[in-house]
Structure formats: structure tokens, C-alpha cells
Amino acid sequence: HSKSVSARSAACRVIAHVDLDCFYAQVEMIRNPELRDKPLGVQQKYIVVTCNYEARKLGVKKLMSVKDAREKCPQLILVNGEDLTPYREMSYKVTELLGEFCPLVERLGFDENFVDITEIVEKRLNQQSGCSRVCVSGHVYNNQAINLHDTTHIRLVIGSQIAEEFREAIYARLGLTGCAGVASNKLLSKLVSGTFKPNQQTVLLPESCQDLIRSLDHIQKVPGIGYKTTKRLETLGVRNVCDLQAFPSTVLEKELGVSVAQRIQKLSYGEDDSPVTPTGPPQSFSDEDSFKKCSSEVEVKEKIEELLPNLLDRIHKDGRQPHTVRLTIRQFSSTDRWFNRESRQCPIPPHLIQKFGKESSNVISPLVDILMKLFRKMIDVDLPFHLTLLSVCFSNLKDLPSSKRGSIGFYLKQMSPPSGSGK
């Protein structure tokens, strides 16, 4: 019975996907308004990870090398975006703001959120008498006509009005613009949200679902089908959505296992019954640094010492105490083009846990010792080594005894600017 209820509720969901425009670049323009109308790129290492629309008009694309970007656009202004703190803080503010409208908000990376707005839609539907006020906000995919006698259409149209309110609130309160997609599930709302960019929104009616899904020129553009699965599918001759829809399920199940095969074949038809799962506070805090080469113990220790202060500051703001620490390294291997990652973790000694947040500077040195021990478990320091990445992660977060500090609300209050300071 519960299955049929959840299947029924999945069938009439209204989901909004909110995707912020060139997020890192927008955060930088808010931090420094003088950058507003200039071509701006955010640089991490040798790559432009994102750029504003002024830069895009001049031929800069995201994930371009800095060298190519400068050649394309000599007047490009580059900002170093390696410290993720300002982006992370803004990202949580967006999620918190959406949470004021509706409890079902799921973060996806820093710049995307799914919101299940089914209940708000139902409430508004019950308040409205007749279809007099049904007017779509933004675009309708394929310019499809709205049928005022079809409740599914009406519910999605109301969903588009709610998505517009989200976007207006994010702009009014945080100064950020973004796109939104409104559809009957997470997969479709994510796919349709990018139809018109920037700062626009699109609603997808059920009759246009197949057009949207078949417009994807490659199977890897289907959210939920990862790189490895794509490679496996390519060896089977499956390159696009139509290939996957037509592929015999029995062969697919044999190749990929029943659950994966069924899930991705459903996705290829635009079917996705996964619920929006509220994210809540972060489950771990990590930071990493990548570099061309790190090949001595002294350098490793320096890199770890550089990562810790920012991490400890974030943990202090969150208010919970971590009980586990993990070190991840990536080694370069010349024989093999891949970089192999390896991790080791251990519990944090209780006497150190007590000091988190209170005397953060006193925990750095003992933590460095612990992390260096983990490092020596992975690397024989008497032999030459070549690392290209180090990452430190604190997890297994627990609330302080008798305290409410662990809530995401506390975390966000800590971060929001004092009132009256303007944007």
C-alpha cells in the first residue's frame, strides 16, 4: 500500500531546480562591485573555472586554460578562486533562503538546489477559484500551449509562479541571479532549467518530455549516468538516448546488473521517482590543494599546515565536533595516465576533540602530527614520491554536549553579515 501511495505522490510532484548563473563570478562581483561590467574569470590553478557573461561574449568558456582565455580576451580580469569559503558561505545562504519557503530543499554542489514545491502548489490550487489567474511565469518548453482543463498543466504553471518568487527573493536578498526549471521530477527539472540562460526560467509540460530527453546529443548529458557507465554503454554501441531506449533490457541487465540497468533505462524515458532529500548541515568538512609536484616530507607538512586553519574556522562556525580525520593523497604515476588517490583515516583523540572551537591554534600542531603519521602509512618516505593533491577531511560530526549549536541555523547566523550592513 505504501508503495502505491509513494508512486502516486511521485506521479503528481512539482519540482523546481534552481541553478545560479556563473556562481563564483557572481560572488566575486558582489564582493567587488567594480568588476560588474568587466569581463571576469575565476581562476583555480591554470584553469578558468567560470566566467561572467561579459567574458563569455568575448569567447571565454568555462574550464578553458588561463593561457587560452587570455589569448581570446586580453582584457580579461582574473580573480583567484582557490579559497572556496566565500562561495560556500553564499551557497548555504541560498539553501537557507529557499528553506524559508519550503522544507524540502536539496543542495547539489554549491550553485544548484532542488525544491519539492508540490505542497505549496496544492495549497494555491485550493485557494484559487477557477482558472482566471493561471498565467505562466517565464518560458514553456517547445512553446507548448497550456490546456486550462488539464490539472497537471495548471499545477506546473503554478509551480512556475513559485519558481519566479524564489528567483526574485534570491536576487532581492542576496543579489544573485539564476535560472529555474519546473517539471514533474528532479531529472526533468534539472534538464529543462538550462533551456534559456541567464536569469530565465522554463516549465516543462508532460507532452514535451520526450522531445527534451531526445534532444540530448550524448548519453552522458543525462544526469545520473556517470562517466564509467557511459564508457560501458559506448562499448555496447549505446551513444544517445534513443539508443538506450531501444536497447534490449535483458542484455543491459546482464552487462550492468539489474538495478543499474533498470534505473538508467527509466532515466532515458525521463522517469525519475527519487525524492528531494533535505540536505541539512554538512556531513563533513574538507579542503584540498592540488599542485604539479610535491615530493618531500617538509612540503607535505607545509601543505597540511596551510589547509588546517580555514578548516578549523569552518568547524568552529558550525559548532559541532568532528571525531574522525582523514588524509587523501593523489600520486602521479608516469606509467599509468591516471592519478591514483589513496586515503587513511583515524579517530581524533578525545583530549583534542575538547579543544576544537575553543583553542583552535593549540590543535594545529597535534593534528599535523596525526596527519603525518597517516601520510607515512601510505608513502615510504625513503623512496622518491610525486604527489599532485592533498586533502584533509573532518567527519563523524557530533553536537556539543547539551548544546543546540549544531544546527544549520546556527551555522548560517554565524555567517550572515550584521544587520544594517547592506548587501
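Helix H7 covers residues 151-174, which makes 24 residues. From its first C-alpha to its last, H7 reaches 34 Å, close to the 34 Å expected at 1.5 Å a residue. The model is predicted. The points below take the two ends of H7, then the aromatic pairs, then charged side chains over rings.

**Ends of helix H7**
- At the start of H7, the backbone nitrogen of Thr152 has a side-chain oxygen of Asp150 within 2.9 Å.
- Gly175 follows H7, and the phi of Gly175 is positive, near 80°.

**Aromatic pairs**
- The structure holds six aromatic pairs. One of them joins Tyr24 and Phe110, with 6.5 Å centre to centre and 50° between the planes.
- This pair counts as tilted, because the tilted class takes angles that are neither under 30 degrees nor over 60.
- The Tyr24 and Phe110 pair links distant parts of the chain, with the two positions 86 residues apart in numbering.
- Tyr24 belongs to helix H2 (residues 23-31), while Phe110 sits in the loop between strand E6 (105-108) and strand E7 (112-116).
- Both Tyr24 and Phe110 are buried.
- Tyr24 and Phe110 also belong to one aromatic cluster, together with Phe23 and Tyr87.

**Charged side chains over rings**
- Arg107 lies over the face of Tyr92, at 3.9 Å from the ring centre.
- Lys292 lies over the face of Tyr46, at 4.6 Å from the ring centre.

Technical notes. Residues are numbered from 1 along each chain as its sequence is written. This is a predicted model: local features need pLDDT of at least 70, side-chain atom pairs count only at pLDDT 80 or more; totals for chains, interfaces and linings use all residues. Side-chain values use heavy atoms; hydrogens and water are left out. Helices (H or I, at least four residues) and strands (E, at least two) are DSSP runs, numbered from the N terminus. Buried means under 20% relative accessible area, exposed over 50%, partly exposed in between (1.4 Å probe, protein chains only). A charge sits over a ring if NZ of Lys or CZ of Arg is within 6 Å of the ring centre and within 35 degrees of the ring normal. The expected span of a helix is 1.5 Å times one less than its number of residues. A polar contact is a pair of N or O atoms within 3.5 Å; within protein, one must be able to donate a hydrogen and the other to accept it, and residues adjacent in sequence count only if both atoms are side-chain atoms.
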